[in-house]
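Colleague: I am new to this structure and would be grateful for a close look at a single part of it. Please explain each term as it arises.

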Amino acid sequence: ARWTGKPLRVGASGDAAINYREALAWLYSLQRFGIKLGLENIERLLEELSKSDVLQAAPWKCIHVAGTNGKGSVCAMIDSMCRAQGYRTGLFTSPHLVTFRERIRVNGDMISEDAVANGLTTIRNLVANWDPHPTFFEVVTALALKHFSDTRVEIVILETGLGGRLDATSAIQSDVSVITPIDFDHEKWLGKTISEIATEKAGIIKPKVPVVCAPQRAEAEEAIRVRAAECRASLHFVTNSYDETPIALAGLHQKQNAALAIAAICTAKMDVDSSAIARGLACIEWPARFQRWDKRTTIDGAHNPAAAHKLAETWREIFRDQRATLILAIFTDKNLH
């Protein structure tokens with residue numbers, strides 16, 4: 001069974017609360033458990049939290065986003081448009097750029113240091129003796145959902161961490177599944193072929209939950225169609241771009257992301273009008289996506305071959321044939337070719 005969004009509850013504990021810095025130190029110590037794909041721990045964690053003292057929370061709608069590139073941008077667009085309409089939103093993304101608190105936002109505001117410390121204290125006390133112990137991402141997912149429950153959001157936008165089928169975010173029942181373009185990345189965990197990677201990403205599709213999807217390579221499209229058919233989930237490929245009003249994020253691919261985000265909102269039956277769409281897209285704050293730091297500096301977080309190609313296309317779109325000095329930092333597990 002998947003967790004359905006019932007109000008989370010905080011367990012009583014005699015243990016003293018830890019402060020923000022101590023809480024993060026404990027959280028990052030969980031990285032020793034590595035990446036573990038599977039839903040058993042997160043489902044157990046959410047179930048145990050739900051058995052504690054009740055925290056009142058309004059029911060929410062959930063939009064779940066997977067894919068290789070564009071996930072964060074699509075999530076930020078959905079969040080911004082819904083806020084422009086007046087909805088109270090919860091946004092969960094990863095990784096962060098500067099501060100951990102970026103990962104969990106309510107109505108655009110980062111989670112407070114106190115909320116991080118208090119939430120992690122509750123979770124730490126709950127899982128102290130668990131074997132297997134929850135991983136970093138499982139704990140962060142639970143923290144986000146607890147915070148969204150505490151703050152009574154109306155709509156939750158969840159970005160998968162890795163893959164989809166066994167990602168911790170897949171333990172939450174969604175109202176619409178969104179799949180951005182799929183390409184090569186994280187092959188160690190997701191598979192060596194586009195078909196294998198797409199099968200993992202398409203794992204966010206749940207029985208009879210509608211799916212909106214970006215255009216895909218043929219192998220990825222086939223895997224997504226198979227999963228949607230198995231789940232009897234309606235599937236809509238969004239092939240158009242949004243060109244009606246300005247978008248705060250640069251690049252033609254962001255117009256495609258915007259069309260996908262709008263389709264997700266419509267499919268979730270959120271009442272967002274054209275004025276809110278325009279205002280939301282015009283004021284997105286989503287750093288490191290072809291971000292113009294100053295006249296001579298542009299920052300982008302492209303971290304796989306497909307994203308690097310989009311970065312180059314956007315450079316040519318804006319700067320034509322101007323030469324650039326490239327400063328690049330890359331993990332050893334990334335494909336440099």
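Modeller: Two residues are in contact when heavy atoms of theirs lie within 4.5 Å, and the helices (H or I, at least four residues) and strands (E, at least two) named below are DSSP runs numbered from the N terminus. This is a predicted model, in which local features need pLDDT of at least 70 and side-chain atom pairs count only at pLDDT 80 or more, while totals for chains, interfaces and linings use all residues. Residues are numbered from 1 along each chain as its sequence is written, and side-chain values use heavy atoms, with hydrogens and water left out.

The part I have chosen is the packing around helix α1. In α1, Trp26, Leu27 and Tyr28 meet Phe136, Val139 and Val140 of α5. The axes of α1 and α5 are 8 Å apart and stand at an angle of about 135°; axes are lines fitted to C-alpha atoms, for helices over the stretch in contact, and angles run from 0 to 180 degrees between N-to-C directions. The pair α1 and α5 is therefore oblique, given that angles under 35 degrees count as roughly parallel, over 145 as roughly antiparallel, 65 to 115 as roughly perpendicular and the rest as oblique.

Helix α1 also packs on α4, at an angle of about 45° and with the axes 8 Å apart. The two helices α1 and α4 are therefore oblique to each other as well. The crossing of α1 past α4 is left-handed, that is, the near helix is turned anticlockwise from the far one by less than a right angle, whereas clockwise would make it right-handed. On the side of α1, the residues that take part are Tyr20, Ala23, Leu24, Trp26 and Leu27. On the side of α4, they meet Glu113, Val116, Ala117, Leu120, Ile123, Arg124 and Val127. Trp26 and Leu27 are thus named in the meeting with α4, and they are named in that with α5 too.

These helices share in a nonpolar core, a set of buried Ala, Val, Leu, Ile, Met, Phe, Trp, Tyr and Cys residues joined through side-chain atoms within 4.5 Å. Buried means under 20% relative accessible area, exposed over 50% and partly exposed in between (1.4 Å probe, protein chains only). The largest such core has 40 residues, and Leu27, Phe100 and Phe148 have the most contacts inside it. At least two of its residues come from each of α1 (20-29), α2 (40-50), β5 (104-106), α4 (113-127), α5 (136-150) and β7 (155-159). The greatest contribution is that of α5, with nine residues. Beyond its neighbours within four places in sequence, Phe148 is in contact with Trp60, Gly90, Leu91, Phe92, Ile104, Arg105, Val106, Val153 and Val156. Another core lies apart from this one; its 37 residues include Ile63, Ala76, Tyr87 and Ile155.

The loop between α4 and α5 deserves attention next. Pro132 lies in this loop, and the peptide bond that leads to it from Asp131 is cis, with omega near 5°. Thr135 has its place in the loop between α4 and α5 too. The relative accessible area of Thr135 is 3%, so this residue counts as buried. When neighbours within four places in sequence are left aside, the contacts of Thr135 are Leu30, Phe33, Gly34 and Lys36.

At the other side of α5, in the loop between α5 and β7, is Arg152. Arg152 is not a glycine, yet its phi is positive, at about 55°. With a relative accessibility of 43%, Arg152 is partly exposed.

Strand β5, one of the contributors to the 40-residue core, has comparable details in the loops beside it. Pro95 is in the loop between β4 (89-92) and β5. A cis peptide bond, with omega about -5°, joins Ser94 to Pro95. Asn107, in the loop between β5 and β6 (109-110), has a positive phi near 55° and is a residue other than glycine. The relative accessibility of Asn107 is 29%, which means that it is partly exposed.
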